[in-house]
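Me: I'm new to this structure and would love a close look at one part of it. Could you pick out a single charged residue, tell me where it sits, and then follow its links outward?

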Amino acid sequence: MVNLTLAHMTLLSVVGARPNFMKLAPLARALARRPAVEHVIVHTGQHYDAEMSDTFFEELSIPRPQHNLEVGSGSHAAQTAAIMLRFEPVCQAVKPDVVLVYGDVNSTVAAALVAAKLGTRVAHVEAGLRSRDWTMPEEINRVVTDRLADLLFTPSRDAVENLRAEGVPDDRIHFVGNIMIDSLVSSLDAARALAAPRRHGVEGKRYVLVTLHRPGNVDVPDTLVELLETLAVLSVESPVLFPLHPRTRARIQSLGWSAPDGAHLHFLDPLPYLELLSLEFSASLVVTDSGGLQEETTYLGVPCLTVRPSTERPITCTEGTNRLVAARREAILSAAREALAAGSRHPVTIERWDGHTAERIAEVLVDGARYT
Ligand code: UD1
């Protein structure tokens with residue numbers, strides 16, 4: 001049993017990539033309400049463009065990180081190693097009681113390795129998710145991080161079962177719920193007030209919101225072309241808004257692909273969090289390979305097609321609005337037409353996806369609570 005109830009406590013959060021930031025925001029707020037806690041934030045710089053990073057800190061009122069490791073892009077080995085080299089002296093200087101890592105990106109596993117080897121306790125927010133697809137770098141990051149973690153905060157019961165099956169002792173596992181939903185719940189009113197569909201010319205229309213950035217979808221030219229051509233066909237029936245991750249934009253540019261005449265396939269820059277939520281809320285369909293959008297669409301009741309062979313978030317399929325589809329034209333078009341024709345929204349209530357996950361994590365970390 002990890003006993004954490006101390007009179008004064010230093011917690012150090014490490015974040016680096018876009019999906020980390022909305023997981024940090026609610027926990028930073030919950031920890032700020034506890035005077036005995038000093039919370040140090042380290043940004044690895046894995047994501048560095050203003051639209052991939054700064055805008056999220058501003059919109060979500062995340063305190064400015066005390067340290068930025070400025071590692072930037074690189075191969076997996078180069079990026080992970082650079083984070084480790086630069087994080088180690090910071091961790092040694094701050095001497096935190098616990099290092100908190102989030103999600104499944106390279107920054108997550110790199111910081112967990114450093115902390116564990118310095119003998120510092122590691123807490124993993126969003127533990128226990130498994131796609132069982134070892135071609136995904138995120139799966140490697142998840143499994144290694146969970147193996148190193150002393151405190152594992154899971155979003156769902158299936159994640160608890162995954163950890164048990166791997167032999168993680170029960171007293172390390174805390175089923176606290178989904179922290180992404182905390183950010184969603186607290187941002188939804190502001191997001192809706194933005195009325196982003198009007199700004200993008202799709203107000204009152206049946207439109208499709210698309211995000212794709214996984215190497216498996218965008219790094220293989222034949223697959224990417226098939227996906228783009230499929231979206232172009234779909235966009236004749238319902239306009240398609242496609243905010244492009246930098247990786248995806250680079251791949252499309254190198255292919256020299258552009259949408260055919262008559263298509264309503266609109267490529268956009270990466271969107272700020274609230275603008276994306278605003279578009280997601282009113283979309284008739286979301287097509288994605290992101291983890292976060294699978295969860296958000298389930299909460300909002302928006303139909304979602306996930307262009308992947310597997311998901312580490314199966315609850316979004318079994319209980320929510322998500323459905324897996326192959327990266328093939330016919331599979332996507334028939335599933336999309338079916339979802340668009342049904343036209344209904346079914347917001348789904350999933351256990352502990354309630355906006356209070358950050359508070360539960362803070363209770364475990366600071367007050368010694370347990371959530372089983
Ligand atoms: C990372 C995560 C992925 C997450 C995604 C969200 C890993 C292994 N993957 O993937 O799980 O879903 O973030 O966005 O950590 N780039 C820029 N500007 C930036 C950041 C990246 O131009 O601010 C470009 C660079 O060319 C870079 C490429 O995007 O080489 C990929 O960035 P990287 O951080 O390596 O991985 P992501 O694909 O973003």
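Reply: Happy to. Let's begin with Arg142, which counts as buried because its relative accessibility is 2%. Please keep in mind that this is a predicted model.

What does Arg142 pair with? Its partner is Glu139, and the closest N and O atoms of this salt bridge are 2.5 Å apart. Glu139 is buried too, with a relative accessible area of 1%. Both residues belong to helix α5, where they sit 3 residues apart, about one turn of the helix. In an α-helix there are 3.6 residues a turn, so residues three or four places apart point the same way.

Helix α5 runs over residues 137–148 and also holds Ile140. Here the setting changes: Ile140 has 39% relative accessibility, so it counts as partly exposed. Together with Trp134 and Val144, Ile140 makes a nonpolar surface patch of about 280 Å².

Now let's follow the charges outward. Salt bridges that share partners place Glu139 and Arg142 in one network, whose other members are Lys23, Asp104, Glu126, Glu295, Arg308, Glu312 and Arg313. Across the whole structure, a search finds 26 salt bridges.

One of these joins Asp367 and Arg34, with the closest N and O atoms 3.3 Å apart. This pair links distant parts of the chain: Asp367 is in helix α16 (residues 357–367), while Arg34 is in the loop between α1 and β2, and 333 residues separate them. Is each partner buried or partly exposed? Asp367 is partly exposed, with a relative accessible area of 43%, whereas Arg34 is buried, at 12%.

Another salt bridge brings us to the ligand. The side chains of Asp219 and Arg247 meet at 2.9 Å, N to O. Asp219 lies in the loop between α9 and α10, and Arg247 in helix α11 (residues 246–255), so this pair ties together parts that are 28 residues apart in sequence. Asp219 counts as partly exposed because its relative accessibility is 32%, and Arg247 counts as partly exposed at 27%.

Arg247 also reaches the ligand: an N or O atom in its side chain is 3.0 Å from a ligand oxygen. His213 offers a side-chain N or O atom 2.8 Å from an oxygen atom of the ligand. With Asn106, the contact comes from the backbone instead, where a polar atom is 2.8 Å from a ligand oxygen. How much of the ligand does the protein bury? Taken alone, the ligand exposes 740 Å², and the protein buries 85% of that. There are 20 residues around the ligand, and those that come nearest are Gln46, His47, Asn106, Glu138 and His213. Glu138 brings us back to where we started, since residues 137–148 make up helix α5.

To finish, here is a contrast with the charged pairs. The structure holds 4 aromatic pairs. One of them is formed by Phe21 and Phe56, a tilted pair with 6.3 Å centre to centre and 40 degrees between the planes. Phe21 lies in helix α1 and Phe56 in helix α2, so this pair ties together parts that are 35 residues apart in sequence. Phe21 is buried at 0% relative accessibility, and Phe56 is buried at 2%. Ring pairs also link Phe21 and Phe56 with Phe57 in a cluster.

Definitions and conventions. Residues numbered from 1 in each chain as written. Predicted model: local features only at pLDDT ≥ 70, side-chain atom pairs only at ≥ 80, totals over all residues. Heavy atoms only, no water. Patch = residues over 30% accessible without salt bridge, like charges linked within 9 Å, V, L, I, M, F, W, Y side chains within 5 Å. Areas by Shrake-Rupley, 256 points an atom, 1.4 Å probe, with all protein chains shown as cover. Salt bridge = Lys/Arg side-chain N within 4 Å of Asp/Glu carboxyl O. Helix = DSSP H or I, 4+ residues; strand = E, 2+ residues; numbered from the N terminus. Buried < 20%, exposed > 50% of the residue type's maximum accessible area, 1.4 Å probe, protein only. Near = heavy atom within 4 Å. Polar contact = N/O pair within 3.5 Å; in protein donor to acceptor, adjacent residues only side chain to side chain. Phe/Tyr/Trp six-rings, centres within 6.5 Å; stacked < 30°, edge-to-face > 60°.
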